[in-house]
Amino acid sequence: YVILAPWIAHSVYSFVMKEQYERDSTNLLIFPFLLSRMLHNQLWISFSRYRTAKGNNRIVDKGIEFNQVDRESNWDDQIILSGILLYFFNTMLNFGASKLPLWRSDGVVMSIFLHAGPVEFLYYWLHRALHHHYLYSRYHSHHHSSIVTEPITSVIHPFAEHIAYFLLFAIPTLTSVFTGTASLASLFGYITYIDVMNNMGHCNFEFIPKWIFSIFPPLKYLMYTPSFHSLHHTQFRTNYSLFMPIYDYIYGTMDKSTDSIYEKSLKRQEDSPDVVHLTHLTTPESIYHLRLGFSSLASMPLNNKWYIWLMWPVTLWTMIANCIYGRTFIFERNSLEKFNFQSWAIPRYNLQYLLKWQSQAINSFIEDAIIQAEEKGTKDEELNRNGELYIERHPKIKIKVVDGSSLTVAVVLNSIPKGTTEVLLRGNLTKVAFSLASALSQRGIQIWVVGAGLTEEEDMKAAKGTLFFPFTQLPPKKVRHDCFYHYPPAMLAPPSMQNLHACENWLPRRAMSAPRVAGIVHALEGWNVHECGDNMIDIEKIWEASIKHGFKPLAFAE
């Protein structure tokens with residue numbers, strides 16, 4: 001971005017200061033075009049993650065882990081590189097792309113034929129060469145580290161590959177420029193076509209309808225599908241073509257299962273989860289930290305970055321949309337021991353839960369979610385709010401509602417050092433607080449077990465070295481540097497938990513809140529009881545069950 005900034009500043013300055021006949025509109029449009037490409041890619045990321053969480057038309061069932069998210073976090077590198085090269089060629093070399101017309105039919109047609117011919121042909125053989133063990137081990141294996149692809153996987157390559165692809169895709173552009181047939185449509189339109197096809201081919205869900213190929217059968221040689229390229233990432237030695245499978249047909253490298261995988265993916269129905277974790281947004285900015293938001297932010301504990309504040313217009317728009325049109329949505333899926341889990345978010349913020357006039361709307365969201373989960377055949381639904389009201393309204397529902405209170409108490413109890421003799425219990429009096437008070441009658445020295453009602457003044461009265469253990473899902477504000485603050489009640493997920501590549505609010509990687517774990521354990525154990533209202537499960541029983549299934553205690557935050 002630092003390297004790109006002077007080019008952007010120069011293009012704006014030149015356009016403003018020069019006379020109208022000297023202005024370079026092409027140079028000025030490069031930066032807005034780069035921004036549009038970033039937005040376009042982000043929309044593909046969000047949509048793809050939403051669709052794969054729902055499950056309908058999903059191609060590969062394997063999960064994505066944090067190492068893949070980290071490896072693909074620099075997906076904007078190729079956009080920056082392309083911007084630098086565009087500015088360089090257009091400004092420094094002055095190769096005739098300035099003041100381009102909006103449209104020229106001959107240049108557009110030329111670009112289409114040059115892509116279908118030389119570009120696709122050369123890419124096919126370049127791609128096959130990259131799968132030779134010498135080049136594969138040194139370059140292309142980085143891209144193939146992602147077995148389960150996401151749209152941004154398409155642009156994750158070593159630098160040398162990026163340069164090779166840029167030169168290859170420059171064939172139609174440079175040809176149209178040198179022949180004087182270039183236009184803004186052929187230049188920016190061709191790059192947009194590459195982005196669309198790249199993102200589509202790596203999105204891991206099939207959506208190209210079968211009727212398109214029925215109407216025009218030769219289209220199967222001219223346009224690939226997501227399932228076509230997904231096979232290349234799982235089989236490695238087939239389906240080498242760029243966007244047009246014709247060369248795989250010609251040279252006999254088409255995977256034999258291409259058609260069957262395509263049809264199977266199209267027929268796949270939406271997942272029926274065994275457990276639904278029902279949660280809600282925390283702050284307006286938390287939308288970016290969801291798995292559907294910015295993948296790099298979602299993979300780290302919630303911590304608002306400075307540049308998030310620059311996005312306040314978008315944040316404001318999402319707030320208005322949530323308040324007017326918002327509905328509960330799926331944003332994550334996980335699996336463990338053949339059980340499938342989904343996380344659903346209510347489009348309401350922490351502040352709204354404190355407003356009485358919002359209660360009816362929030363209750364409606366929760367009740368609708370329970371009914372929807374019942375229709376999907378869910379066994380357990382974990383609520384981070386008390387769910388007794390909904391059980392009374394729907395006494396015949398088959399799913400079990402779990403608020404996670406018992407495991408929350410168990411996590412706090414097992415986090416307190418052994419040998420403690422005194423405890424100061426402070427915070428709002430909830431059923432978790434009462435349960436803790438009963439269980440901690442003989443424990444605690446210089447330890448405060450705190451709830452949401454702790455004030456800064458009370459915090460400052462604590463002795464040096466005090467350990468703060470929150471028993472709510474909101475962490476206490478860290479106002480003391482001489483004290484220790486524990487994470488909200490949570491446990492580390494077992495290694496066999498799949499598709500866990502986003503952090504839950506303030507928790508570290510692979511940590512799950514106690515209520516979320518409680519719903520999962522409830523389903524794994526097959527307990528046929530609700531845990532909501534005044535109902536509690538035996539604390540030792542649920543703690544031992546959690547440990548048995550591979551969940552581990554979480555260490556101190558600081």
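What follows is a chat between a biologist and a modeller about how to read a predicted protein model.

Biologist: Before I look at any detail, how confident is the predictor in the protein chain?

Modeller: Confidence is given residue by residue as pLDDT, on a scale from 0 to 100. Here the protein chain averages 90, and 95% of the residues score at least 70.

Biologist: Where is confidence lowest and where is it highest?

Modeller: The low point is strand β7, residues 447-450, with a mean of 60. The high point is helix α10, residues 226-235, at 98.

Biologist: Let's stay with α10, then. How many of its residues are buried?

Modeller: A residue counts as buried when its relative accessible area is under 20%. In α10 that holds for eight of the 10 residues, so the helix is largely enclosed by the rest of the structure. The buried ones are Pro226, Ser227, Phe228, His229, Ser230, Leu231, His232 and His233.

Biologist: Which elements cover the buried residues of α10?

Modeller: The cover includes α5 (105-130), α6, α8 (184-201), α11 (246-250) and α12 (258-267). Just past the helix comes Phe236, which has a positive phi, near 75°.

Biologist: Can you walk me through one residue of that helix? What does His229 touch?

Modeller: Sure. His229 lies in α10 and counts as buried because its relative accessibility is 5%. Setting aside residues up to four places away in sequence, His229 touches Gly201, His202 and Tyr224. With one of these, His202, there is also a polar contact: the two side chains are joined at 3.0 Å.

Biologist: And what about a residue in a loop? Is Val148 buried or exposed?

Modeller: Val148 is found in the loop between α6 (133-144) and α7 (159-178). With a relative accessible area of 4%, Val148 is buried. Beyond its neighbours within four places in sequence, Val148 is in contact with Val60, Lys62, Gly63, Ile64, Gln68 and Asn204. Take Gly63: 85 residues separate it from Val148 along the chain, yet their C-alpha atoms are 7.0 Å apart.

Biologist: I'd like a contrasting case. Where is Met92 found?

Modeller: Met92 is in helix α4, residues 77-92. Met92 has a relative accessible area of 53%, so it counts as exposed. Leaving out neighbours within four places, the contacts of Met92 are Trp7 and Tyr87.

Biologist: Now the rings. How many aromatic pairs does the structure hold?

Modeller: There are 24. To read a pair, look at the angle between the ring planes: under 30 degrees is stacked, over 60 is edge-to-face, and the rest are tilted. Phe205 and Phe207 have ring centres 5.4 Å apart and planes at 35°, so they make a tilted pair. Phe205 is buried, at 0% relative accessibility, while Phe207 is partly exposed, at 32%.

Biologist: Why does the pair of Phe468 and Tyr485 count as stacked?

Modeller: Their planes are at 10°, with the ring centres 4.8 Å apart, so the pair is stacked. Phe468 sits in strand β8 (residues 467-470) and Tyr485 in strand β9 (residues 484-485), so the pair ties together parts that are 17 residues apart in sequence. Phe468 is buried, at 0% relative accessibility, and Tyr485 is buried at 0% too.

Biologist: Which residues form an aromatic cluster?

Modeller: Phe121, Tyr124, Trp125, Tyr240, Tyr247 and Tyr251 form one. A ring can also have a charge over it: the charged end of Arg23 sits over the ring of Phe15, 5.1 Å from its centre.

Biologist: Last topic, the database record. Which residues does the "transmembrane region" annotation cover?

Modeller: UniProt, in an unreviewed entry, puts that annotation on residues 163-191 and 306-325. Such annotations may be inferred rather than shown by experiment, but you can still see what the model has there. Residues 163-191 are 83% helix and 0% strand, with end C-alpha atoms 15 Å apart. Residues 306-325 are 90% helix and 0% strand, and there the end C-alpha atoms lie 28 Å apart.

Biologist: Where does the record place the "domain: Fatty acid hydroxylase" feature?

Modeller: The unreviewed UniProt entry places it at residues 118-253. In the model, that span is 62% helix and 0% strand, and its end C-alpha atoms are 19 Å apart.

Note on methods
Residues numbered from 1 in each chain as written. Predicted model: local features only at pLDDT ≥ 70, side-chain atom pairs only at ≥ 80, totals over all residues. Heavy atoms only, no water. Phe/Tyr/Trp six-rings, centres within 6.5 Å; stacked < 30°, edge-to-face > 60°. Buried < 20%, exposed > 50% of the residue type's maximum accessible area, 1.4 Å probe, protein only. Helix = DSSP H or I, 4+ residues; strand = E, 2+ residues; numbered from the N terminus. Lys NZ or Arg CZ within 6 Å of the ring centre and 35° of its normal. Polar contact = N/O pair within 3.5 Å; in protein donor to acceptor, adjacent residues only side chain to side chain. Contact = heavy atoms within 4.5 Å.
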